[in-house]
Amino acid sequence: MRKHILLTVAVLLAPGLAAQQGDSMRAPSDTAEAGRLRAEIEQRFNDRVKQELNLNADQATKLRATQERFSTRRRDVMEQQLGRRRALENQMQPGIAANSDSVRKLMDGIQAGRGEMVKIEQDQDREMSGYLSPVQRARYQQMRERLMQRVGEMRMERREGRGVERGGRMGAPAPRLRGGRRGRGI
């Protein structure tokens, strides 16, 4: 599960970081800091999952294996979706006529990617149902959702700190989005 959380956080943070500054321009200290932050988030999440779901050793091992297995599929689809969205943004630039066939194919691909993400979630939940109770699965999904929301908040805060708007353009900071469960340790 550790690898899954690390990969998930990395995939979610990478697009925001790449949009803010090119990979070749990133300082080694930024990479080290991001790695430290990911490791800290991952460890805290793993500790909370084990504690709140009251997992035994066998369940924890199986959950970790499931997360590792599905993380590769999830990461691949997320990377494809990111590429499609970037290509669509390039097609939809103001003042430039978009190619209807390309836009249609990209939109179809984005829709198919959404469906694939749902299928991954269903397959993963089906596998977890073999060793977690329905209550444990529901709690795990809630915890995972809160983690993803928090990572999204952190990305927005990081963009705001650099004066980057939602669309990745320089200018006045975007309005701060608050919410979630800050005091809960995730």
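**Exercise 1. Find out whether aspartate 123 is buried or exposed in this predicted model, then work out which salt bridges surround it.**

Solution.

Step 1: Start with the accessible area. Aspartate 123 has a relative accessibility of 14%. The cut-off for buried is under 20%, so aspartate 123 counts as buried.

Step 2: Look for a charged partner. Side chains of opposite charge can pair when their charged atoms come close. Here the side chain of lysine 119 meets that of aspartate 123 in a salt bridge, 3.0 Å from N to O.

Step 3: Place the pair. Both lysine 119 and aspartate 123 sit in helix H4, and four residues, or about one turn of the helix, lie between their positions.

Step 4: Check the partner's surroundings. Lysine 119 comes out at 40% relative accessibility, so it counts as partly exposed.

Step 5: Widen the view. Through salt bridges that share partners, Lys119 and Asp123 belong to one network with Arg73, Glu116 and Arg126.

**Exercise 2. Take two other salt bridges, arginine 44 with glutamate 40 and glutamate 127 with arginine 69, and work out which helices hold their partners.**

Solution.

Step 1: Get the distances. The side chains of arginine 44 and glutamate 40 meet at 3.6 Å, N to O. For glutamate 127 and arginine 69 the N to O value is 2.4 Å.

Step 2: Map the second pair onto the helices. Glutamate 127 belongs to H4 and arginine 69 to H3, which spans residues 57-91, so this salt bridge ties together parts that are 58 residues apart in sequence.

Step 3: Do likewise for the first pair. Arginine 44 and glutamate 40 are both in H2 (residues 28-52), four residues apart, about one turn of the helix.

Step 4: Run through the accessibilities. Arginine 44 has a relative accessible area of 37% and is partly exposed. Glutamate 40, at 36%, is partly exposed. Glutamate 127 counts as partly exposed at 26%, and arginine 69 counts as partly exposed at 47%.

Step 5: Set these pairs against the total. The structure holds 16 salt bridges.

**Exercise 3. Describe how H3 packs on H4, then how H4 packs on H5.**

Solution.

Step 1: Pick the quantities. Two packed helices are described by the angle between their axes and the distance between the axes.

Step 2: Apply them to H3 and H4. Their axes cross at roughly 165 degrees and come within 9 Å. That makes H3 roughly antiparallel to H4, given that the class covers angles over 145 degrees. The crossing of H3 past H4 is left-handed.

Step 3: Sort the residues in that contact. The contact of H3 with H4 has 13 nonpolar, eight polar and 11 charged residues.

Step 4: Move on to H4 (residues 100-128) and H5 (residues 134-161). These pack at an angle of about 140 degrees, and their axes are 11 Å apart. So H4 is oblique to H5. The crossing of H4 past H5 is right-handed.

Step 5: Name the residues that touch. From H4 come Glu121, Gln124, Asp125 and Met128, and from H5 come Arg137, Tyr140, Gln141 and Arg144. Split by class, that gives two nonpolar, two polar and four charged residues.

**Exercise 4. Inspect two single residues, asparagine 54 and arginine 104.**

Solution.

Step 1: Check the backbone of asparagine 54. Its phi is positive, at about 50 degrees, although asparagine 54 is not a glycine.

Step 2: Locate asparagine 54 and judge its exposure. The residue is in the loop between H2 and H3. Its relative accessibility is 64%, so asparagine 54 counts as exposed.

Step 3: Turn to arginine 104. This residue is in H4 and, at 44% relative accessibility, counts as partly exposed.

Step 4: Compare sequence with space. Arginine 104 and leucine 88 are 16 residues apart in sequence, and their C-alpha atoms are 9.5 Å apart.

**Exercise 5. Sum up the fold of the chain and say how many of its residues count as buried, as a percentage.**

Solution.

Step 1: Tally the elements. The chain has five helices and zero strands, which reads as α-α-α-α-α along the sequence.

Step 2: Look up the burial. Of the 186 residues, 34% count as buried.

Step 3: Check the range of the contacts. Among contacts with a separation of 6 or more, 72% come from residues 24 or more positions apart.

Terms used
Residues are numbered from 1 along each chain as its sequence is written. This is a predicted model: local features need pLDDT of at least 70, side-chain atom pairs count only at pLDDT 80 or more; totals for chains, interfaces and linings use all residues. Side-chain values use heavy atoms; hydrogens and water are left out. Axes are lines fitted to C-alpha atoms, for helices over the stretch in contact, and angles run from 0 to 180 degrees between N-to-C directions. Helices (H or I, at least four residues) and strands (E, at least two) are DSSP runs, numbered from the N terminus. Angles under 35 degrees count as roughly parallel, over 145 as roughly antiparallel, 65 to 115 as roughly perpendicular and the rest as oblique. A crossing is left-handed if the near helix is turned anticlockwise from the far one by less than a right angle, and right-handed if clockwise. Contact means heavy atoms within 4.5 Å. Ala, Val, Leu, Ile, Met, Phe, Trp, Tyr, Cys and Pro count as nonpolar, Asp, Glu, Lys and Arg as charged, and the others, Gly among them, as polar. A salt bridge is a side-chain nitrogen of Lys or Arg within 4 Å of a carboxyl oxygen of Asp or Glu. Buried means under 20% relative accessible area, exposed over 50%, partly exposed in between (1.4 Å probe, protein chains only).
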